[in-house]
Amino acid sequence: MAGIFEILCACVVILYLIYRYVTADFNYWTSRGINGPKPVPFFGNVAKFMMGKKCLGDVYKEIYDQYPTESVVGIFRRTRPVLLLRDAKYIKQVLIKDFATFTDRNAFVYDKAEPMSMHLFRLDAVRWRPLRTRLSPTFTSGKLKDMFHLLLNCADYFEKYLDEKVPENGVVECKDLTSKFTVDVIGSCAFGLEMNALKEENNEFQKMGRYIFRSSPTVILKNTLKEIPWFYKNFGHLIDDHEITKFMTDITRSTIEYRKQNNIHRHDFIDTLIDIKDNPDKLGFDNVTDEFIAAQAFVFFAAGFETSSTTMSHAMYELALNQSIQDKVREEIKEVLNNSNGEILYDDIKKMTYLEKVFQETLRKYPPVMYLVRKPIKNYTFEGTKINLRKGQDVIIPIYAIQNDPNIYPDPEVFDPERFSPENMEQRNSMYYLPFGDGPRNCIGARFAVNQTKVGLIKVLMNYKLDVCEKTQIPVVLAPLSGLMFQTTHGIYVKLSKIT
């Protein structure tokens, strides 16, 4: 009996020590006078996300809404104290004013365990800065104008595809349609490849895009293990998405080899990657492997696939719900195109000011990236405050919560493009609208995404009337297993009726 008692005592002591370890930092914010919800052992303030009840963006919104008078909120992501920002001045300090201190995201890069993590979005400042400088010229206005005819070719195929594939009852799942279009645009404009997503029903590129952004308990487990760097660094290769790594590395390598063998120059994204591969000294660091090059192709493909197709889909959804807005934007498109004999010209896109408002309001209500994370490279104190951050401590900017805050956007559930009239935008702090981020580390492909999304919408609106149907989910419900990206539990269904 004495032996059993000793074992029980040992177990109690071990459990107590574990409890003390995981709650050791739980007084971090209260000791600094910063309000926030009480954390739960092992889960912190993200238990609903870890248990599959809410997506992480929604968890942050729930916390954000609980503290309407606070500039910042102290929370815990599992056992780690992180700071959630509500005030525009602090957001601006992080993204712009003190960017030199907040150059890093909270995104671990595992060169060996997860080769596709070595991309621009995740890289630390040392590797990010020279790579961003090398890639940026691909997305200048001049380059975008040069590739606009390729975008229009894809749009023409998209128009033909709709004519052939929209069923008799007109009910379509928007994401399936729009992702085919965005895959073809990315392939043509950035890679010089025919992805053929509009020609092949089970297209490999489209399937890969869906696989990258899948939501599942396995993905959550994988992301959780990434927060134990020493473990993932040594064992992450066992659960890496090897098929994604192989697919992107093979397609990038073969495309580069074909161009070099045939002396093909298109002055596009792939040509830039070729230059980086042939002249790694321009980046100022070693280890520019085939996988590193493929990782840049991976993030451009993945980001372009998901964000633009999601935005197109949500715009179609809201236009189906709001017929007067749909009619108004269609009339504007007709008016502009009538002046160019029905042809979509590069400069015409900027003339469609109401379409721009619809686009911006869609991103306001449904930001593809639901929150941003930054961390200081040294200890930091917010200007004019006693709010201190330790080196490497996460700062959360909850985009979805901010852009659906009724104190900033009255009646946020209402789809109102006039929120983005020049007058209304002047009265609103620019830090309260961040679908593409802001500052030096904003979205590098934002203008490319704007063009492809608007051209796709123009093709839909000029040929079809959008309505809701029995399958339309009103309102949309966020998928509980999604993390960074805005994803729904249900397909985005609308009814398309041909305009004759």
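## Exercises: strands, a helix and a greasy patch

I474 sits in the loop between β8 and β9. Keep in mind that this is a predicted model. Let's work outward from that loop.

**Exercise 1. Work out whether I474 is buried or exposed, and which residues join I474 in a nonpolar surface patch.**

Solution.
- Step 1: the relative accessible area of I474 is 54%.
- Step 2: exposed means over 50%, so I474 counts as exposed.
- Step 3: I474 shares a nonpolar patch on the surface with L321 and V468. Together the three have about 230 Å² of accessible area.

**Exercise 2. Find the strand order of the open sheet that contains β8 and β9, and say which strands are at its edges.**

Solution.
- Step 1: this open sheet has three strands, in the order β3-β9-β8, and the pairing is antiparallel.
- Step 2: β3 (171–173) and β8 (464–467) each pair on one side only, which makes them the edge strands.
- Step 3: ignoring direction, neighbouring strands here are turned by 40° against each other on average.
- Step 4: now zoom in on β3 and β9 (residues 493–498), an antiparallel pair with three bridges. V171 has K495 in β9 as its bridge partner.

**Exercise 3. Check whether the length of helix α20 agrees or disagrees with 1.5 Å a residue.**

Solution.
- Step 1: α20 covers residues 446–463, which is 18 residues.
- Step 2: the expected span takes 1.5 Å times one less than the number of residues, so α20 should span 26 Å.
- Step 3: the end C-alpha atoms of α20 are 26 Å apart, so the two values agree.
- Step 4: as for cover, 16 of the 18 residues of α20 are buried, so call this helix mostly covered.

**Exercise 4. Describe how β2 pairs with β1 and with β7, parallel or antiparallel, and how many bridges join each pair.**

Solution.
- Step 1: take β1 (residues 72–77) to begin with. Six bridges tie this strand to β2, and the two run antiparallel. One facing pair is F76 with P81 in β2.
- Step 2: look at the turn. The β1 and β2 hairpin has two residues between the strands, and R78 adopts a positive phi near 65°.
- Step 3: move on to β7 (residues 395–397). This strand runs parallel to β2, with two bridges joining them. Here L83 faces V395 in β7.
- Step 4: finish with cover. Five of the six residues of β2 (residues 80–85) are buried, leaving the strand mostly covered.

Definitions and conventions: Residues numbered from 1 in each chain as written. Predicted model: local features only at pLDDT ≥ 70, side-chain atom pairs only at ≥ 80, totals over all residues. Heavy atoms only, no water. Buried < 20%, exposed > 50% of the residue type's maximum accessible area, 1.4 Å probe, protein only. Helix = DSSP H or I, 4+ residues; strand = E, 2+ residues; numbered from the N terminus. Pairing = 2+ DSSP bridges. Axes fitted to C-alpha atoms, helices over the stretch in contact; angles between N-to-C directions. Patch = residues over 30% accessible without salt bridge, like charges linked within 9 Å, V, L, I, M, F, W, Y side chains within 5 Å. Areas by Shrake-Rupley, 256 points an atom, 1.4 Å probe, with all protein chains shown as cover. Salt bridge = Lys/Arg side-chain N within 4 Å of Asp/Glu carboxyl O.
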